[in-house]
Every structure is written in structure tokens, then in C-alpha cells.
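Subject: Structure for you to look at, with notes on its disulfides

Dear colleague,

I am passing on the structure we spoke about, so that you can have it open while you read. My notes on its cysteines follow below.

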Amino acid sequence: LFTGIKDFVACNHLRSYKYYSDSIIYPDGFLGYPCASYELFQAGNCFPCPEGGCPNMGHYADKFKEKFKNDFVKLYLNTGEAKDFPLWRYKVTVTLSGKSKVRGYVNVALYGTDGNTKQYQITTGTLKPDNTYTAFIDAETNVGKITKVKFLWNNNWISPFYPKLGAATITVEAGQN
């Protein structure tokens, strides 16, 4: 109970040793994206990593010490809420197909050679055929080489017209490469 309260109430700096230990376990995790602000990072403006790659936070951070010419570089990343903390960033773009627009949501899950993710919401609201929707997801798993993408849409309504909607294309880009 004390540990849970301490983690909830205390400053997140008390998690630093947990981040560090996870950085040893996940040497490809905790990628820091060079970006001018967190808002730009969240919007995807600093995605993917630059040509030389993104540095890691934690134990393997020294791999990049010679790659930055400036003394000060702002790097941003998101972490999980609980152990395991590293997240891997993906850009998912879905172009819909169908005959009519509907209200609802689109979810995707990624499957790869190294693991699978849960479902992530790409968009919600009015879904229009031929429109393209993009979302940045911070997945709990580095899926490796993507082998399959699960596409799910739901309109939350019982309709006598049985609206049909599909994915004309789905593009997934991993942030690290």
C-alpha cells in the first residue's frame, strides 16, 4: 500500500530507478525524439527518428553521445503508466472504403515477429469512405517486423441498412526506422 501511494503522490522522479532498470531490460526502448516542444512531439511533427536514429534514455544513452553537435538537445518520449515502462511509437494511417459515411470509431492492433499490441483507436466520429485518418500510437510492445494489422470499426448503432466500411489501405511506420 505504501509503495502504491508513494508512486501516486510523489514526484515522478522517484520512478527514475524503475526507468533505468527497464532501460537495461529493453535496450531498444525509451527512444527520445529530437523536438522543439512536447506539443509538437505529441502532434507527430518530430516523427520518425532522424537519419542517424534517436538516442535511448537510460543505460544505453551513451551510444549517441558523439552524434549530437550541440551541447543541448530537447528529446521527448512517452512512458507507460506502470512496469514495463518503455513504449514504441508508430504512425498508423488508414484510408477507408465503403459507400456511405457513418458515425463510429476505427481501431487497429499490430501483429509482428516480436509481439502484438492491444487495439488502439485511430479515429472516432464521422467515418467517410475515401478519407484518410492518421494517429500516433505509443505501443507497449516493439512488434518487430509487422506481419498483420487487425482492423475493426464499429458504428455503435443498430441499422437496418447494415452499413459497410473497410480499409482501402493501412500504412504503419515505426518511429525508430
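A disulfide, as the word is used here, is a pair of cysteine sulfur atoms within 2.5 Å, and in general terms it is a covalent bond between the sulfur atoms of two cysteines. Please keep in mind that this is a predicted model.

By this rule, the count comes to two disulfides, and if the bonded cysteines of the chain are numbered in sequence order, the pairing reads 1-2, 3-4.

One disulfide is formed by C35 and C46, whose sulfur atoms lie 1.7 Å apart. This pair links distant parts of the chain, with C35 in the loop between β1 (33–34) and α3 (38–42), and C46 in the loop between α3 and β2 (75–76), so that the two cysteines are 11 residues apart. The torsion about the S-S bond of C35 and C46 is about 55°, and the disulfide is therefore right-handed. As for exposure, C35 has a relative accessibility of 9% and counts as buried because this is under 20%, while C46, at 14%, counts as buried under that cut-off too.

The other disulfide joins C49 to C54, with an S to S distance of 2.1 Å. Here the torsion about the S-S bond of C49 and C54 is about -120°, which means that this disulfide is left-handed. Both C49 and C54 are buried.

With best wishes

How values were computed. Residues are numbered from 1 along each chain as its sequence is written. This is a predicted model: local features need pLDDT of at least 70, side-chain atom pairs count only at pLDDT 80 or more; totals for chains, interfaces and linings use all residues. Side-chain values use heavy atoms; hydrogens and water are left out. Helices (H or I, at least four residues) and strands (E, at least two) are DSSP runs, numbered from the N terminus. Buried means under 20% relative accessible area, exposed over 50%, partly exposed in between (1.4 Å probe, protein chains only).
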